[in-house]
Amino acid sequence: MSIIDWIIFIAYLALTIFIGLFKSRRGKDIEAYYLGNRSIPWWAVGLSVMATQASAITFIGTTGQAFNDGMRFIQIYLPLPFVVIILCVTFAPFFYRARVYTAYEYLERRFDTKTRALTSFLFQCSRGMSVGIVIYAPSVVLSIMLGWNEKTTILIMGATTLLYTAMGGVRAVVWTDTMQMILMFIGLFAGLYLVISALPGDVSFSDAIYLGGVTNHWNAIDTSINPANQYTLLSGLVGGFFLMLSYFGCDQSQVQRYITAGSIKESRMSLVMTAILKVPMQFLILATGVFLFVFYQFERPPAFFNPAEIRRVEESSSRDAFHKSREEFDLVFDRRKETGERLLEARRRGDSVETERLLIDFNNADKEVKATRAKIIEVVKSVPGSNTNDVNYVFPSFILKYVPIGLVGLMISVIFAAAMSSIAGEIAALSSATMVDFYKRYFKPQASDLHYLRAGQACTLFWGAFATLIAMFAGGWGTSLVETVNKVGSHFYGPILGVFLLAFLVKRSNGTDAFAGAIAGLVAVLFTSYKLEISWLYLNAIGPVVVLVVGIASSFIIPRPSESRKS
Amino acid sequence: MDEDPDKSTDERIGFWGGWKGLYIFIIVYGLVQVILLYLFTLRYN
């Protein structure tokens, strides 16, 4: 990185700390610390909701995913506008009027203490496990970009975020999120512009759209109904609906945001803002990935995008096999590039017969490139402990090699911003759940405001330190364990949503029904996940449905006190 | 005394300017997104 890039990056870090600490000044009780005194404007809350959801991996991983797989991932987000209406009508006013600190606190008022404790515990388990990975995953990529040691990146990212989160609580988090989200929007447009402007001079925008289409990368809607197919319109609408509803409705990192708004109206407006901006934002991120794919049709990409893994292969006994596959890759790449150029020329001339013929050649050449890349991945895989997934390195690799001085610093700041906003949101949410649902509820129900404020800050420091430690050790776990941690954590979403739906929709139900439903839902999700081959998105629908069915059944089987009295 | 602070706003602004209007707008917006993406896929993919 050049000195200008470093200045931009350091300026970003300094601005983040300044905003965080500046907003930490007001408020000396837990209402200020965890709810920002319910006085934050809706647009800041809305940007904060989006910033918490958009992690660094969303930013770089989604671009890489579009590079490999096209636009299909966008289908997950399509139900969001409909989900937001449900949130505006039910979840948001219920939480807001109940004047709760955590979403799970509401469940004690509706059901009982054990339901609150179970759901809060499940949330803390899932988020506690994943928050370390939220720091670790981008740190690996950023270490390569910055030329830093992995642990240095983790420490800088963790410590900076923890500093303002622990000091200022949710107010500092929301205002830094707001700045970070604005930076992400700038980065998003800058990224798209940079990729399009990097296309060769003779490849027009229309040519790029055409090549994206003929290689099946503009596949925003997939109408197939195979349940094993990860991203389809059906899995997006069904699974995505429950995923979004559980994330925005029951995850404390989101709920904590929209209960900080000044009124129910402002709370709703912040959600509406997310509903309107989310899909266009994801479209732009994914489109950047597709244009990146087109760019690499004419510019030779690295045979494998993760340079750290290439170094490991170079030092292993698979070195010769890797070199051989890479030479083969270069050959097939040149063939595809030449065919692609001829195809575009024929298209410009309007020669449809030649275009059709060259299109078949181009697709065959593309298959050869993919087959050779698969061989390279097999070679990488042969090295023990290697990571064969380089999807997170596609966009950073482009940034480092093709982006002009100054903008590299901006793009790295954007990735840092995306990571820090998610980490801060999750640490603040974990802190509130531990402090309000357990410490204040069970250990110290009567104490001064100052005591709770200090306890809250201690909880934030605990979760921040825990997350940073997990991130430091995650590197030694191996890829499969990191993925397992993320996967197991995501299994808790559905059952938690089921409990909330039972609370809102089934008036008959009580705490025992909810508890039984939650356990059954959790077992059903874990069983389905490990025994059946279906898209993970459907798991988000299975959890709440099982909780509702078991909860309703239990409410009819176990007699209610009023019914017992009648009989 | 009306407990819902939003209700008076809804009544003052009227149906299309109030929450119901906004919800209908969001539903239409969501459906239009799906349709546009489907047409986009058909046209360019």
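**Exercise 1. Find where A:Asn216 sits, and work out whether A:Asn216 is buried, exposed or partly exposed.**

Solution. Start with the place: A:Asn216 is in the loop of chain A that runs between α9 (205-214) and α10 (233-250). Keep in mind that this is a predicted model. Next, the surroundings: 16 other C-beta atoms fall within 10 Å of A:Asn216, so this residue is partly exposed. The label "buried" would need 20 or more, and "exposed" 12 or fewer. Last, look at the backbone: A:Asn216 is not a glycine, yet its phi is positive, at about 60°. As background, most residues other than glycine have a negative phi.

**Exercise 2. Do the same for A:Arg99: where is this residue, and what is its phi?**

Solution. A:Arg99 belongs to the loop between α5 and α6 of chain A. Its phi is positive, about 50°, and again the residue is not a glycine. Now count the neighbours: there are 12 C-beta neighbours inside 10 Å, so A:Arg99 counts as exposed. The cut-off for exposed is 12 or fewer.

**Exercise 3. Step back into helix α5 and decide whether A:Phe95 is buried or exposed.**

Solution. First, the element: A:Phe95 lies in α5 of chain A, which covers residues 80-98. Then the count: A:Phe95 has 24 C-beta neighbours inside 10 Å and therefore counts as buried. Who are the partners? Leaving out residues up to four places away in sequence, A:Phe95 touches A:Val100, A:Ala103, A:Tyr106, A:Val255 and A:Ile259. Pick A:Ile259 from that list: A:Phe95 and A:Ile259 are 164 residues apart along the chain, but their C-alpha atoms are separated by 7.1 Å.

**Exercise 4. Describe how α6 and α7 of chain A pack.**

Solution. Get the geometry first. α6 (residues 103-110) and α7 (residues 113-146) have axes 7 Å apart and pack at an angle of about 160°. The angle is over 145 degrees, so α6(A) and α7(A) are roughly antiparallel to each other. Their crossing is right-handed. Now the residues: α6(A) brings A:Tyr104, A:Glu105, A:Leu107 and A:Glu108, while α7(A) brings A:Thr113, A:Thr115, A:Arg116, A:Thr119, A:Ser120 and A:Phe123. Sort this contact by type and you get three nonpolar, four polar and three charged residues.

**Exercise 5. Now try α20 and α22 of chain A: at what angle do the axes cross?**

Solution. The axes of α20 (residues 493-505) and α22 (residues 536-557) come within 7 Å and cross at roughly 40°. That angle makes α20(A) oblique to α22(A). The crossing of α20(A) past α22(A) is right-handed. Among the contact residues are A:Leu497, A:Leu501 and A:Leu502 from α20(A), with A:Ile542, A:Val546 and A:Val547 from α22(A). The contact of α20(A) with α22(A) holds 12 nonpolar and five polar residues, and no charged ones.

**Exercise 6. Which residues of the largest nonpolar core touch the most other members?**

Solution. This core has 180 residues, and the two to name are A:Val84 and A:Ile415. Helix α17 of chain A (residues 407-443) supplies the largest share of the core, 20 residues. Follow A:Ile415 outward: not counting residues up to four places away in sequence, A:Ile415 touches A:Ala56, A:Phe59, A:Ile60, A:Pro138 and A:Leu142. There's also a second, separate core of five residues, including A:Leu344, A:Leu358, A:Phe362 and A:Ala365.

**Exercise 7. Is A:Pro384 buried or exposed?**

Solution. A:Pro384 sits in the loop between α15 (352-381) and α16 (394-402) of chain A. With 8 C-beta neighbours inside 10 Å, A:Pro384 counts as exposed. For a spatial reference, use A:Ser316: the two are 68 residues apart in sequence, and their C-alpha atoms are 9.5 Å apart in space.

**Exercise 8. Which helix of chain B gives the most to the side that touches chain A?**

Solution. Begin with chain B itself: two helices, zero strands. Of its 45 residues, 11% count as buried. The contact takes 17 residues from chain B and 20 residues from chain A. On the chain B side, α1 (5-13) and α2 (19-44) each supply at least two residues. The one to pick is α2(B), which gives the most, 13 residues. By type, the chain B side divides into 11 nonpolar residues, five polar and one charged.

Technical notes. Residues numbered from 1 in each chain as written. Chains lettered and ligands numbered in written order. Predicted model: local features only at pLDDT ≥ 70, side-chain atom pairs only at ≥ 80, totals over all residues. Contact = placed C-beta atoms within 7 Å. Helix = DSSP H or I, 4+ residues; strand = E, 2+ residues; numbered from the N terminus. Nonpolar A, V, L, I, M, F, W, Y, C, P; charged D, E, K, R; others polar. Core = buried A, V, L, I, M, F, W, Y, C linked by C-beta atoms within 7 Å. Axes fitted to C-alpha atoms, helices over the stretch in contact; angles between N-to-C directions. Parallel < 35°, antiparallel > 145°, perpendicular 65-115°, else oblique. Left-handed = near helix turned anticlockwise from the far one by under 90°.
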